[in-house]
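Trainee: Please take a close look at one part of this model for me. I would like to see how that part fits with what surrounds it.

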Amino acid sequence: MKEKFAIFGNPVAHSKSPQMQNAGLNHINFDGNYEKYHLENGNEIKEVFLKNNYKGANITVPHKEFAYENADVVRGLAKEIKAVNTYILEDGKVIAYNTDAPGFLKAIESFGTIKNVLLLGAGGTAKAIALALKSKNINVTVLNRSEGKLEFFKEHQIPCFSWGNFEPTKYDLIVNSTSAGLKDEYLPCDKKILKTVLKDASFAFDCVYGKITPFLALAKENGLEIKDGEDMLLYQGVLAFEYFTDTKANESLVKTMRKGLKGE
Ligand code: NDP
């Protein structure tokens, strides 16, 4: 029987997950199909997942927290992040994972050894990234536009600041996990602060993919090695794929999924 997979989001029309996941399924001759599911009400996610007989699913904005709350079992770092992007049906139970966190770690491997990170933003993605870094004993400091979302980081003993009270030190890597630069041309942080931290850093990573954001452009101007969010998106998808199909991804599968993601 053909297995069904989906991505839940609102909006979901723009998602590249189906083209990436279907490329992977075809590559290993898995009898399955991965589709988009526009979900209005995040509280219905488990019910919709079960009713549609999905074997697995990904969850994107704004449903990751709802997906966490509705899962039967949450595994791994997702228990601390309290947001999940992957569902698997296992013995009739909905099992949930967060693959954004390990996907990010895999994406920054190309930078080599990193010891100190400044993470811009304090939203859902920042929570996953901060705990992923902490789990690898990499020092992480969070800097956000406003105070409101900092509580989570305080609870996890992660140094965190808003623009007004920030005291910069030296960081190897600056990460933009804000949505600035996604659909606008804003920098993720006050330019003066940004220039100070970029001066001493070697690497810049932006979670936004498929474009050189103003943040990455400024980092490049300051001589940093830059990277956009494509690898993070790819690897969170590859890790989800491994759960969906119970297979271990090899290099040729990853290559195929990357091509699928890029529509090649
Ligand atoms: P959230 O809405 O949860 O958080 C947004 C964050 O951005 C908040 O900290 C907010 O600050 C900050 N922000 C928004 N606009 C600005 C601005 N103009 N200047 C400074 N700060 C701003 O979003 P997510 O964490 O879910 O997603 C963040 C980004 O990461 C998005 O661009 C998303 O596309 C990308 N992403 C990429 C992935 C990948 O695989 N490559 C995976 C997941 C996300 P405040 O608290 O002050 O409002």
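Mentor: Start with a definition: UniProt positions are given in the numbering used here, and annotations may be inferred rather than shown by experiment. With that in mind, the unreviewed UniProt entry puts the feature "domain: SDH C-terminal" at residues 229-254. Keep in mind that this is a predicted model. In the model, residues 229-254 are 77% helix and 0% strand. The C-alpha atoms at the two ends of that span lie 16 Å apart.

Now the close look. I choose helix 6, residues 124-135. Helix 6 has 12 residues. From first C-alpha to last, helix 6 reaches 17 Å, close to the 16 Å expected at 1.5 Å a residue. Just after helix 6 comes Asn137, with a positive phi of about 60°.

Which residues of helix 6 are buried? They are Ala126, Lys127, Ala128, Ile129, Ala130, Leu131, Ala132 and Leu133. Buried here means under 20% relative accessible area. In soluble globular proteins, nonpolar side chains tend to be buried together.

That brings us to the core. The largest nonpolar core has 33 residues. Those with the most contacts inside it are Phe104, Leu133, Phe153, Leu173, Val175 and Phe205. At least two core residues come from each of helix 5 (100-107), strand 7 (116-120), helix 6, strand 8 (139-144), helix 7 (151-155), strand 10 (173-176) and strand 11 (203-206). Helix 6 gives the largest share, 7 residues.

Take Leu133 of helix 6. Setting aside neighbours within four places in sequence, Leu133 is in contact with Phe104, Leu105, Ile108, Val117, Ile138 and Val140. There is also a second, separate core of 21 residues. Tyr235, Phe241, Val254 and Leu261 are among its members.

Next, the sheet. An open sheet is formed by 6 strands in the order 2-1-3-5-6-4, with mixed pairing. Strand 2 and strand 4 are at the edges with a single partner strand each, so one side of each has no neighbour in the sheet. Strand 1 and strand 3 (residues 54-59) run parallel, joined by 5 bridges. Lys4 has Tyr54 in strand 3 as its bridge partner.

Last, the charged pairs. Side chains of opposite charge can pair when their charged atoms come close. The structure holds 12 salt bridges. One of them joins Lys2 and Asp31, with the closest N and O atoms 3.5 Å apart. This pair links distant parts of the chain, 29 residues apart. Lys2 sits in the segment before strand 1 (3-9), and Asp31 in the loop between helix 1 (17-27) and strand 2 (32-38). Lys2 is exposed at 51% relative accessible area, while Asp31 is partly exposed at 42%.

Arg75 and Glu90 form a salt bridge too, at 3.0 Å from N to O. Arg75 lies in the loop between strand 4 (73-74) and helix 4 (78-81), and Glu90 in strand 5 (residues 86-90). They are 15 residues apart. Arg75 is partly exposed at 31% relative accessibility, and Glu90 is partly exposed at 30%.

Glu147 and Lys154 meet in a salt bridge at 3.7 Å, N to O. Glu147 counts as partly exposed at 39% relative accessibility, and Lys154 counts as partly exposed at 43%. Elsewhere, Lys227, Glu230, Asp231, Arg258 and Lys262 are joined into one network by salt bridges that share partners.

Note on methods: Residues numbered from 1 in each chain as written. Predicted model: local features only at pLDDT ≥ 70, side-chain atom pairs only at ≥ 80, totals over all residues. Heavy atoms only, no water. Helix = DSSP H or I, 4+ residues; strand = E, 2+ residues; numbered from the N terminus. Expected span 1.5 Å × (residues − 1). Buried < 20%, exposed > 50% of the residue type's maximum accessible area, 1.4 Å probe, protein only. Salt bridge = Lys/Arg side-chain N within 4 Å of Asp/Glu carboxyl O. Core = buried A, V, L, I, M, F, W, Y, C linked by side-chain atoms within 4.5 Å. Contact = heavy atoms within 4.5 Å. Pairing = 2+ DSSP bridges.
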